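Please open the model in a viewer and keep the selection panel at hand. The tour below proceeds stop by stop, naming what to select and what is to be found there.

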Protein chains: 2
Amino acid sequence: MRPTVHDIAAEAGVSLATVDRVLNGRPGVRQKTVEKVEAAVERLGYVRDVSAANLARGRVYPLLFVVPEGPNSFMRGLEAEIRSAMQRSSAERTSITIETVPPFDPAAIVAVLDQVDPAAVTGVALVAADTPEVSAAVDRLIDKGIHVTTLVSDLPGSRRTHFCGIDNLAAGRTAAGLIGRFCAGRSGKVLVVAGSMALSDHMDRAAGFAAILNSEFPGLEIVGPVETNDDADRVREAVRTAMAANPDIIAIYNLGAGNRGLLEALPQADRGRLAVVVHEVTDVSRKGLAEGLFDAVINQDCGHEVRSAIRVLKARADGLVPLSAQERIRIDIFLKDNLP
Amino acid sequence: MRPTVHDIAAEAGVSLATVDRVLNGRPGVRQKTVEKVEAAVERLGYVRDVSAANLARGRVYPLLFVVPEGPNSFMRGLEAEIRSAMQRSSAERTSITIETVPPFDPAAIVAVLDQVDPAAVTGVALVAADTPEVSAAVDRLIDKGIHVTTLVSDLPGSRRTHFCGIDNLAAGRTAAGLIGRFCAGRSGKVLVVAGSMALSDHMDRAAGFAAILNSEFPGLEIVGPVETNDDADRVREAVRTAMAANPDIIAIYNLGAGNRGLLEALPQADRGRLAVVVHEVTDVSRKGLAEGLFDAVINQDCGHEVRSAIRVLKARADGLVPLSAQERIRIDIFLKDNLP
DNA sequence: CAAATTTTGAGGTACGTAAATCAGAAATGA
DNA sequence: TCATTTCTGATTTACGTACCTCAAAATTTG
């Protein structure tokens, strides 16, 4: 049977109240007594029963999620995952609010962040492009004692508590590894399409991609990245223009959103020559895989990201440091053959 | 505030005791009253506070894991994950025992399964080759009222409660998709190395691989599968022999263990012509990726599998049906660029 | 040394649920 | 109708922890 606080009290030769004071860091205990209790905890291998503790504490964690609105399927999927976490929120003692803001609009995000009430919110998770205004607003939240985690795209210049997302450099490298192997010795150009280089995730992917492609696949040359603001129509036009201008394009890497446009631009006839890698499993990218127009989809599981963000913000609110190993978000690769 | 049993009692106009009887399926409640309570639960959206319930119940779930002994890195990794789950076991109210048995020895597994005491064990998870004796022993456990889940490799002929593992047909298809694309239009032979076709996971992978390779990549022809009983030395010799006999082998798929042997057999000089896909991230396969000898590693996260097995067995012990969507184990693909 | 302060002990209540007892009410059968 | 069975209510204890109060003991300070 696992030890309880009563066992600790008996083992240390002190009262329950003293054990409680030590375990919860309350004042009024002599250093020598603290050590006696800690030794007893060590000897018996006591670990707090979290269920019982939460039950007794009755604490709730009010969290705020800030995500871009608009048609981007990935963001809508992310929002769905947050809503699904809200459903479970009572069981997890969290109380989650979602604020949607116009995409690519730093001022809107800053406005939301600046009116967060530290008394009503213990943690904030946000998806934002990397601009100085947003980083500054995040830092102001941190100064108010609110923990902030970036989601999907990081704000490396800010003092955010944590980043919940994939290693986008590694994602770009992976895309390069796949495209390089899919082209298997052939030479030609690779079109890179991005949403916005202000998004740090897009920038990292482009950098990782370029690093591996240039070093390991010298026969392949990058065209772009072309910026499209994640707009499907602009993706379609950008791809058409680039393909017309560069008949020797043998692969395309869309590291941003707007895959619908890519699907529309890919002439069915040209397939077999073209290796295509995109990001995020959505209805459109599933369709692309199924029809053989996309060869691989690199995915981040936004459900994992949302749950990780919640765990991290809760842990921080309790003054704990989250286990970084457990909070790593993996990069998924899907072919049409292993699509879930 | 989320509703409690007290709220349900008030809402339904019955006593706490009756609510408790209904919620826990105890007898002695008229059908009409049951419906009143269930309606109240529905109206208020009551969900049982699992922490409080477990605390009150004080129930523990004694589980038994049966895994093969021997040097197989994947199995040792699996065992490590089980041991790590044992560490957390008190927090999860489980009490886990591990039994190791000689690999490829059905009689040993049967012996272990047949001496399981239904009073002392509520659930069993096992890794076993698909033989009639083992399936029969599993069915005997089921008859005794013990829930059984297969791990990694399924026993489709048995009445096991659940299978915790990846879709191995899809894994084989994925390997074919990767190898086909890596070979990008070249023609030649693909060597398939397996551990034992008695293992249903190996059989499924081989079948999925053949299906896709034959239908989508007509220029590629399968050699094998060669059986090696997952022994690295036998893998090395099998690969050497096959490569000598078939100079036109342009790809290798090892769907079983023993990657060390494959690594030893791959002459560094021949690289660039050879696409190699193997299974399971281990020290050896990491090395193969890092050195560029392996192109891709298909992985199943055995930590996920162990945790899923525990959740499923606990749920079953409580008479619940686990959510199949949540218990799906994903197929991971690793290149050297996205290795964790 | 006495007074002030700090430290400790003892005990209680609460969280939401499980599980039990026992008395009383309602339904059922003859 | 009464006896019997079935159902229901009221109440209590327990799980392990948090947090509170009040008094007693130990220590420090003047």
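**First stop: a parallel sheet in chain A**

Select residues 123-126 and 147-151 of chain A: these are strands β3 and β4, which pair in the parallel sense over 4 bridges. Strands (E, at least two residues) and helices (H or I, at least four residues) are DSSP runs, numbered from the N terminus, and two strands pair if DSSP finds at least two bridges between them. Within this pair, A:V124 has A:V148 of β4(A) as its bridge partner.

Before going further, please note that this is a predicted model, in which local features need pLDDT of at least 70, side-chain atom pairs count only at pLDDT 80 or more, and totals for chains, interfaces and linings use all residues. Residues are numbered from 1 along each chain as its sequence is written, chains are lettered from A and ligands numbered from 1 in the order in which they are written, and side-chain values use heavy atoms, with hydrogens and water left out.

Now extend the selection to the whole sheet. It is open, with 5 strands in the order β2-β1-β3-β4-β5 (chain A), and its pairing is parallel. At the edges stand β2 (94-101) and β5 (162-164) of chain A, each of which pairs on one side only. On average, neighbouring strands of this sheet are turned by 20° against each other, direction ignored; axes are lines fitted to C-alpha atoms, for helices over the stretch in contact, and angles run from 0 to 180 degrees between N-to-C directions.

Add residues 302-317 of chain A, helix α13. This helix packs on the sheet and touches β1 (61-68), β2, β3, β4 and β5 of chain A, where contact means heavy atoms within 4.5 Å. The direction of α13 makes about 165° with that of β4(A).

**Second stop: a mixed sheet in chain A**

Next, select residues 188-194 of chain A, strand β6, which runs parallel to β7(A) and is joined to it by 6 bridges. Here A:V193 has A:V226 in β7(A) as its bridge partner. Both strands belong to an open sheet of 6 strands, in the order β7-β6-β8-β9-β10-β11 (chain A), with mixed pairing. Strands β7 (220-227) and β11 (332-334) of chain A each have a single partner strand, so one side of each is left without a neighbour in the sheet.

Then display helix α8, residues 168-183 of chain A. It lies across β6, β7, β8 (249-254), β9 (275-279), β10 (296-299) and β11 of chain A, and runs at about 155° to β8(A).

**Third stop: where the two chains meet**

Show chains A and B together. Each side of the contact is made of 31 residues: 31 from chain B and 31 from chain A. The two chains bury about 2900 Å² between them, 53% of it on carbon and sulfur atoms; buried area is the accessible area (1.4 Å probe) that two parts lose on being put together, summed over both. Highlight B:R181, B:R330 and B:D337, which supply 24% of the area that chain B buries against chain A, more than any other three residues.

**Fourth stop: DNA strand C**

Which residues are the closest to DNA strand C? They are A:S15, A:R30, A:T33, B:Y46 and B:R48, among 26 residues that surround the strand; a residue is near a strand if one of its heavy atoms lies within 4 Å of it. Zoom in on A:R21, where a polar side-chain atom lies 3.0 Å from a base nitrogen of DNA strand C. At B:D49, a backbone N or O atom lies 3.4 Å from a phosphate oxygen of DNA strand C. The largest share of the surface near this strand, 4 residues, comes from α4(B).

**Last stop: DNA strand D**

Finally, select DNA strand D, which 27 residues surround, the closest being A:Y46, A:R48, B:T18, B:R30 and B:T33. At A:N24, a polar side-chain atom lies 3.3 Å from a phosphate oxygen of DNA strand D, while a backbone N or O atom of B:S15 lies 2.7 Å from a phosphate oxygen of this strand. Helix α4(A) gives the largest share of the surface near DNA strand D, 4 residues.

Definitions and conventions: Polar contact = N/O pair within 3.5 Å; in protein donor to acceptor, adjacent residues only side chain to side chain.
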